Amino acid sequence: MTYRDYPINELIRQYSPREAVPEHPVWKAHWSLASELARKMHSGKLRVPYGPTPGQTLDIFPAKTPNSPVNVFVHGGFWRFLDSFDHTLVAPAVLNAGGASILLNYDLCPTVPLTEVIRQVRSALKWVWDNADQANGDRERIFLSGHSAGGHLALMMSTGDFNREFGLPDDAVKGATIVSAMLDLEPILLIPGCEDLFVTEETFRDVSPKYKPPDPEIPLVVAVGGRETSEWIRQTEDMVVILKEQGSPVKYLKPDYDQHYSILLSLGNPVTELCSSMIAQMGLG
């Protein structure tokens with residue numbers, strides 16, 4: 001199997017952010033420090049279970065007032081790494097604007113296959129719908145956001161057909177902000193570590209937003225860093241075309257100076273267009 005005539009070493013660089021951004025440990029350290037500060041500055045209910053296994057937890061940071069819009073953030077990490085505590089930095093901008101912030105965890109691959117990860121995040125959405133009041137939230141105003149693999153999962157949570165399986169209305173998701181997401185899983189079948197996902201040439205379309213796009217009524221902010229690899233940018237721009245062709249209200253952003261890791265800090269910084277677009281989508285700001 002080959003993909004777009006890329007030599008394997010270049011394909012790995014294109015689809016492995018840690019290869020493309022060698023200084024990634026420095027950026028992750030900034031994530032951790034900013035996230036620790038956020039947890040000290042904002043009280044929350046941490047590690048609230050939404051399912052029976054250890055990974056199925058939520059970090060809930062309630063809004064200042066009842067019946068506020070809710071942002072549910074899904075973390076990335078190639079579906080195999082990281083945790084909500086690495087990403088709390090995205091919460092303060094939402095909280096300070098008057099919303100509720102909920103960060104979602106899930107069992108990581110290869111403990112479970114990717115299909116089970118997708119099932120878990122959808123069940124988490126159901127939990128939020130049923131228990132939005134625990135975040136001072138309005139279940140009729142649930143918005144999603146996600147970075148990298150979390151952006152992929154957020155889009156997989158945004159399709160009415162799947163939501164019906166959990167007793168959710170088709171319009172349970174009122175909007176989503178998708179940041180540097182993996183949207184077509186075909187090329188990662190050639191990347192080391194993909195075997196942990198249990199995705200094959202026969203099944204990658206079933207778990208790819210490119211082939212399972214969100215409901216066209218859902219407003220979307222879709223972003224990718226201007227300094228990401230050309231393939232990461234191409235995937236995002238191809239998805240934007242698909243979304244526009246199906247009639248989705250979509251705002252596309254490509255901040256010039258962001259790469260795969262710095263863009264997460266931009267998502268949590270209310271002076272950026274990315275963060276302010278997410279907040280505006282929620283009717284806040």
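Which helix does Ser 266 lie in? In this predicted model, the residue belongs to helix α9, which runs over residues 262-267. Ser 266 is tucked out of reach of solvent: its relative accessible area is 12%, so it counts as buried, the cut-off being under 20%. Leaving aside residues up to four places away in sequence, Ser 266 touches Asp 258, Thr 272, Leu 274 and Cys 275.

Helix α9 turns up again in the surroundings of another helix, α3, where it is part of what covers the buried residues. Helix α3 takes in residues 24-41, 18 residues in total. From first C-alpha to last it reaches 26 Å, close to the 26 Å expected at 1.5 Å a residue. Its buried residues are His 24, Trp 31, Ser 35 and Ala 38. These cover an arc of only 55 degrees around the axis, which puts them on the same side of α3. Some background helps here: an α-helix has 3.6 residues a turn, so residues three or four places apart point the same way. Besides α9, the cover over the buried residues of α3 includes α2 (17-20), α4 (91-97) and β5 (137-147). Turned away from that buried side is a face carrying the exposed residues Leu 33, Leu 37, Lys 40 and Met 41.

As for empty space inside, the structure holds one cavity of 30 Å³ or more. The largest cavity contains about 50 Å³ of space. Its lining is made up of Tyr 3, Leu 183, Asp 184, Lys 210, Arg 234, Gln 235, Asp 238 and Met 239. Sorted by class, that lining comes to four charged, three nonpolar and one polar residue.

Technical notes. Residues numbered from 1 in each chain as written. Predicted model: local features only at pLDDT ≥ 70, side-chain atom pairs only at ≥ 80, totals over all residues. Heavy atoms only, no water. Helix = DSSP H or I, 4+ residues; strand = E, 2+ residues; numbered from the N terminus. Buried < 20%, exposed > 50% of the residue type's maximum accessible area, 1.4 Å probe, protein only. Contact = heavy atoms within 4.5 Å. Expected span 1.5 Å × (residues − 1). Arc of directions from axis to C-beta. 1 Å grid on protein atoms, 1.4 Å probe; cavity = no way out; pocket = protein on both sides within 12 Å on 5 of 7 lines; lining within 4 Å. Points joined across faces, edges and corners; volume = space filled by probe spheres on them. Nonpolar A, V, L, I, M, F, W, Y, C, P; charged D, E, K, R; others polar.
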